[in-house]
Amino acid sequence: MKKALFPFCFLLCLGTMLFGQKDIADVRKLNPGTAVSISGVVTNGPELGTIRYVQDHSGGIAVYSTKMNGTQRGDSVTVSGTLKDYFTLLEIDPVESLTIHSTKNPIPDPVVLTPSQFDEPFEGMLVRVDNVEFDQTGKFERTNYSFRAGGENGQVYISDYDSPLIGTNIPGGELSLAGILGAYKGTYQVLPRDLNDLITSGSIHITVTPFMYGLSTSGFVVDWTTDHAGSTEAFYGFTSGMERGVLRTSGSSTEHSIEVTGLSASQLVYMQPFSVLDSDTAFAPVQVYISRSESGGEMRAFFNRSVDHSVSLGLMEAEYLNLGIDKQLISYIDQAEESIDMAIYNINNEGISDITEALNQAHVRGVTVRVVHDGNTSCLGLNTLYSGIGKIASPKQDYPLYGIMHNKFVIFDANSSNPDKPLVWTGSTNFTEGQIYTDPNNVVLIQDQSLAKAYRLEFNEMFGSDGMLPDPSKARFGPDKSDNTPHQFIINDKPVECYFSPSDGTHQHILNAMESANQSIHVATMLITKQDLGDALARKNDEGAGVKVLINDYDSYGEPIVNTLKASLGEDLRLKGESGIMHHKYMIVDQGDAASDPLLLTGSHNWSSSATLRNDENTLIIHDQGVSNAYYQEFVNRFAAGKLLVSNPKYTAGPHSDQKLHIYPNPADNWIYISIADDCQPKEIILRDLSGRILRKVIPFSHGPIGIGDLQPGIYLLQIRLLKGDILSSKIQIY
């Protein structure tokens with residue numbers, strides 16, 4: 001250890017003698033706006049994006065500048081610039097000068113902390129937390145993840161799309177977590193750099209995460225795999241405390257299987273599988289399962305635009321509710337006997353039947369009515385909701401890394417003693433005049449008690465309570481939620497999957513549903529801003545699975561994705577040809593081939609980064625030819641009315657800077673596109689936050705629309721410097 005530290009300490013002392021630098025710990029005591037100069041060793045490379053962290057014997061600090069782009073871990077540097085407080089992260093920005101003295105120097109050992117010890121003196125330093133268990137399962141994406149260590153809670157942030165961790169499995173069981181301690185809006189975050197920062201020890205590890213099959217009304221089976229032979233065991237129970245103790249299967253193996261029996265219908269089970277080898281134990285994360293219901297499982301598909309029954313397979317008829325979705329919803333509200341749980345992005349009774357009054361009358365007759373709504377939307381329809389009805393709003397958009405509560409679901413009588421009473425209503429439809437009467441939208445209604453209980457778990461997590469009134473202190477939204485609902489169901493003998501965002505890895509499940517296609521994919525979705533989804537659709541089409549895509553408008557996709565789809569699909573990519581916003585978010589796979597697992601994917605989840613990383617959303621994947629064909633009956637009419645996208649639209653200049661500059665879409669989800677008038681020659685494009693900080697510089701290499709992506713929610717200032725010296729500028733909003 002002393003030999004490893006000597007060159008590092010000697011180097012820092014030499015830097016102090018030669019350059020007269022202050023220790024980083026002393027620099028951290030200075031006020032933002034102070035000019036400083038520090039020396040130390042770089043502890044991360046491009047895996048965290050543009051930002052670098054520099055550490056000496058006393059502390060660490062963030063440095064934000066494209067001047068640091070060439071630096072790597074182990075570089076000994078001197079950096080001069082100005083201190084800035086960026087959402088509670090102290091950093092040097094801008095950087096006036098950078099000197100690289102040497103490379104491949106030893107990296108300082110991480111400081112071992114617990115989450116409760118995260119504090120300002122350790123910000124910017126390499127840290128390690130032991131006995132960590134992640135709360136989520138699935139694969140890493142660019143977002144926040146919560147973890148527990150010794151009964152304390154912490155947060156991990158995967159900060160860049162180029163991170164080596166993207167797409168890798170979230171570890172199950174205990175591990176040691178290393179990374180740089182960052183901060184955002186008062187929350188400390190561990191920033192792991194690569195797989196080496198996820199430190200597993202011991203002699204046995206889970207290599208295939210547990211998966212459930214054989215679902216029945218009395219039980220199910222869970223299998224998993226380990227790298228070495230060990231025991232097959234699981235904690236389990238009917239509450240999160242797993243009060244039932246341990247299930248065991250005799251013997252030692254790398255292939256593990258445990259059967260859960262003796263359940264009643266629609267019974268929730270919390271389970272944590274584990275395997276023991278000698279003195280080491282490999283734990284999987286806690287997962288929630290639910291036994292099959294005794295419900296009839298009826299499904300209905302409602303649309304507010306015309307359908308074509310001539311393409312029906314006779315399994316299920318699409319139901320066209322002309323100006324009637326509101327009335328259909330009210331009919332179910334009027335039938336509710338025990339409970340109504342509504343999670344809605346927007347409700348406004350102006351111009352439609354009074355949904356709020358129906359909720360009030362249900363409350364009067366003794367039904368427990370509860371509402372979760374988006375806190376950034378007016379939701380004027382709730383102004384007349386009776387005071388005795390429990391309701392809670394999602395956080396405002398200035399909440400760290402949160403987006404919107406975008407769900408549109410209603411749960412009826414989830415805990416009824418009659419299994420044919422519980423209903424789940426969901427889809428793309430908000431409860432407003434435009435959404436119900438004008439914008440093409442869909443609703444799927446499913447009668448199943450197990451699914452209703454799963455949706456109610458999600459509702460309760462946002463409500464903060466399973467009682468009549470919310471508990472804001474326990475309410476969890478967006479990235480603060482955990483993966484704590486069942487995902488697999490058998491409804492009327494058909495497999496159904498249910499996922500909530502952003503905790504459940506919905507984006508990967510959308511990709512998986514696409515990959516399952518053999519014969520056809522039909523997509524009607526308001527927007528796609530995830531390039532990998534566009535790439536996957538194009539590739540499946542090129543492989544022979546005929547793909548047809550209907551989009552709302554070019555702006556909601558952006559040039560790269562539209563060009564990808566257009567090149568592959570040709571005339572099978574169409575713009576909406578009817579009034580209103582084409583608000584669907586559904587995909588139909590192999591609806592005409594019963595042998596090829598026909599499925600429908602629908603819900604509130606737009607195919608965007610915000611839906612994936614920040615918003616509260618819900619998604620259903622229904623493996624049933626009848627419901628997929630019912631949605632196809634609607635798709636053929638929307639697609640037939642669509643407009644051919646013969647070539648990329650020519651955008652006219654916008655209203656900014658004497659109509660020289662056009663930005664679209666604005667507001668935007670994650671990507672913006674910039675079109676500059678033909679008589680302007682741009683030199684550089686600069687994106688700033690409202691404090692003036694430069695977030696991005698782009699040097700245009702060709703004329704035409706220019707895309708800038710990976711943008712967090714907020715308001716920004718866009719400046720275009722022209723060769724002749726003029727500056728075009730405009731504010732943009734990312735939601």
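How do α3 and α4 lie relative to each other? I took this up as my opening entry, keeping in mind that the model is predicted.

**Helix pair.** I looked up the axes of helix α3 (residues 325-335) and helix α4 (residues 355-364), and found that they come within 9 Å and cross at roughly 5°. Angles under 35 degrees count as roughly parallel, and α3 and α4 are therefore roughly parallel to each other. I then listed the residues that make the contact, which are D326, L329, I330, I333 and D334 on the α3 side, with I355, A358, L359 and A362 on the α4 side. Sorted by class, the contact of α3 with α4 has seven nonpolar and two charged residues, and no polar ones.

**Barrel.** I next followed the strands, five of which close into a barrel in the order β1-β2-β3-β5-β4, with mixed pairing. From one strand to the next, I noted a twist that averages 55°. Within this barrel I checked strand β3 (residues 60-63) against strand β5 (residues 89-102), and they pair in the parallel sense over two bridges; V63 stands opposite I92 in β5.

**Cavities.** I searched for enclosed space and found four cavities of 30 Å³ or more, of which the largest holds about 150 Å³ of space. I counted 18 residues lining the largest cavity, and those closest to its centre are T143, Y145, P502, S503 and G505. I recorded that β8 (144-149) and α10 (609-613) each supply at least two residues of this lining, and that the lining of the largest cavity divides into five nonpolar, nine polar and four charged residues.

Definitions and conventions
Residues numbered from 1 in each chain as written. Predicted model: local features only at pLDDT ≥ 70, side-chain atom pairs only at ≥ 80, totals over all residues. Heavy atoms only, no water. 1 Å grid on protein atoms, 1.4 Å probe; cavity = no way out; pocket = protein on both sides within 12 Å on 5 of 7 lines; lining within 4 Å. Points joined across faces, edges and corners; volume = space filled by probe spheres on them. Helix = DSSP H or I, 4+ residues; strand = E, 2+ residues; numbered from the N terminus. Nonpolar A, V, L, I, M, F, W, Y, C, P; charged D, E, K, R; others polar. Axes fitted to C-alpha atoms, helices over the stretch in contact; angles between N-to-C directions. Parallel < 35°, antiparallel > 145°, perpendicular 65-115°, else oblique. Contact = heavy atoms within 4.5 Å. Pairing = 2+ DSSP bridges.
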